[in-house]
Amino acid sequence: MSVIQVNGIDLYYNIQGSSENESLLLIAGFDSDSSTWAAMMRSLVKQYQVLRFDNRGVGQSEAPDSPYSIKQMAADAAALLDYLSISQVHLAGHSMGGQIAQELALAYPEKIQSLILLSSWARGDEKFNSLIKLFGDLTQKLEGTLYQRVLLPWLFTDAFYSIPGAMEQLITLIENQPFGPTPHGLYHQSRAILGSDTTDRLANIHCPTLVMVGKEDLLSPVRFSEQLAQGIPNAELAILEQGGHAFVVESADTVAKVMLDFLAKHRQRIVQSTQD
């Protein structure tokens with residue numbers, strides 16, 4: 001187990017893949033730890049040194065019972081990169097992790113080679129904010145599996161629910177999770193989401209950027225990703241015909257392929273520019 005102390009907390013991380021390859025940092029979303037990316041790791045580690053960590057409040061990282069902010073969690077990620085002496089990374093963030101990735105790219109542009117925002121947003125609308133507030137409030141009312149069952153319909157598609165045994169298998173996985181989130185950790189994460197807004201700063205993100213969303217995303221609908229792609233200079237937008245909010249789990253192979261294709265294209269542009 002790899003744990004370091006950054007910004008006053010113990011932060012869990014792990015690295016897979018060859019150190020000879022370029023680094024890819026993955027940042028998970030609300031109520032999610034680094035295992036969120038498990039289904040796509042086999043594809044990613046073939047080409048990249050993949051770095052994952054648990055955000056403060058979840059998994060094997062510390063969950064202080066005090067307010068969090070998205071900028072603070074971005075600073076946690078930056079401190080981890082400094083500790084590991086990794087000067088530059090490709091960066092991908094899912095959901096709240098996309099918020100963190102935006103702040104990381106804005107505050108530490110020299111560290112970011114490219115940016116991938118998955119099922120994310122610059123600022124939520126009233127419906128979204130009311131849901132996130134509710135998700136935070138429910139941590140004080142519901143426990144464990146029942147809390148997760150309330151969230152799951154917002155994350156997975158009708159097609160996933162229709163697969164015999166799929167939800168039961170997912171629930172069993174959640175129940176057997178050795179490092180389940182704490183209610184106060186999730187509450188503080190929810191308030192961090194509500195307190196973040198990059199709308200007026202998107203134009204300051206200048207690295208190659210891919211914005212990806214599932215067409216069936218109920219929690220962060222396509223228009224949120226369209227706003228990101230319109231606000232970030234020269235950003236590419238990819239809308240998956242089949243995919244909900246948790247498409248990094250449900251459609252992992254497809255998402256990994258789109259990510260790798262984008263990264264390969266970025267690498268090719270660099271090679272061509274050095275040859276010109």
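**Exercise 1. Place strand E3 in its sheet.**

Solution. In E5, Ile27 has Gly93 as its bridge partner. This is a predicted model, and the pairing can be traced strand by strand.

Step 1. Take E5, residues 89–94, beside E3. The two strands run parallel, joined by 4 bridges.

Step 2. Take strand E4, residues 49–53. E3 and E4 are also parallel, with 4 bridges between them. Across this pairing, Leu26 of E3 faces Arg52.

Result: E3 pairs with E4 and with E5.

**Exercise 2. Decide whether E3, residues 23–27, is enclosed or open.**

Solution. Step 1. Sort the side chains by direction. Ser23, Leu25 and Ile27 point one way. Leu24 and Leu26 point the other way.

Step 2. Apply the cut-off: buried means under 20% relative accessible area. Both sets of residues are buried.

Step 3. Conclude. Because 5 of the 5 residues are buried, E3 is largely enclosed by the rest of the structure.

**Exercise 3. Follow the chain from E5 into helix H3, and describe the loop residue Ser95.**

Solution. Step 1. Locate the residue. Ser95 sits in the loop that links E5 to H3, residues 96–107.

Step 2. Classify Ser95. Its relative accessible area is 6%, so Ser95 is buried.

Step 3. List the contacts, setting aside neighbours within four places in sequence. Ser95 touches Gly29, Leu118, Ser119, Ser120, Trp121 and His245.

**Exercise 4. Test the length of H3, then find what covers H3.**

Solution. Step 1. Compute the expected span. The rule is 1.5 Å times one less than the number of residues. For the 12 residues of H3, this gives 16 Å.

Step 2. Compare. The end C-alpha atoms of H3 lie 17 Å apart, which agrees with the expected span.

Step 3. Check burial. Of the 12 residues in H3, 11 are buried. Among them are Met96, Gln99, Gln102 and Glu103.

Step 4. Name the packing partners. The buried residues of H3 pack against strands E3, E5 and E6 (112–118). They also pack against helices H2 (70–83), H8 (183–194) and H9 (222–231).

**Exercise 5. Describe the largest pocket and the second largest pocket.**

Solution. Step 1. Start with volume. The largest pocket holds about 790 Å³. Of its 35 lining residues, Asp31, Ser32, Thr36, Leu170 and Val249 are the closest to the centre.

Step 2. Assign that lining to helices. H4 (126–138), H5 (144–155), H7 (166–175) and H10 (247–250) each give at least two residues. H7 has the largest share, 5 residues.

Step 3. Sort by class. The lining of the largest pocket has 22 nonpolar, 11 polar and 2 charged residues.

Step 4. Repeat for the second largest pocket. Its volume is about 220 Å³. The lining has 15 residues; nearest the centre are Glu143, Gly144, Thr145, Gln148 and Pro181.

Step 5. Assign and sort again. H5, H7 and H8 each provide at least two residues of this second lining. H5 gives the most, 4 residues. The classes are 6 nonpolar, 7 polar and 2 charged.

**Exercise 6. Characterise Ala159, and give its distance from Gln242 in sequence and in space.**

Solution. Step 1. Locate Ala159: helix H6, residues 158–162.

Step 2. Classify Ala159. A relative accessible area of 45% makes Ala159 partly exposed.

Step 3. Give both distances. Ala159 and Gln242 are 83 residues apart in sequence. Their C-alpha atoms are 9.0 Å apart in space.

Terms used: Residues are numbered from 1 along each chain as its sequence is written. This is a predicted model: local features need pLDDT of at least 70, side-chain atom pairs count only at pLDDT 80 or more; totals for chains, interfaces and linings use all residues. Side-chain values use heavy atoms; hydrogens and water are left out. Buried means under 20% relative accessible area, exposed over 50%, partly exposed in between (1.4 Å probe, protein chains only). Two strands pair if DSSP finds at least two bridges between them. Contact means heavy atoms within 4.5 Å. On a 1 Å grid over the protein atoms alone, a cavity is a set of points where a 1.4 Å probe fits but cannot get out, and a pocket is an open set with protein on both sides within 12 Å along at least five of seven lines; lining residues have an atom within 4 Å of a point. Grid points are joined across faces, edges and corners, and a volume is the space filled by probe spheres set on the points. Ala, Val, Leu, Ile, Met, Phe, Trp, Tyr, Cys and Pro count as nonpolar, Asp, Glu, Lys and Arg as charged, and the others, Gly among them, as polar.
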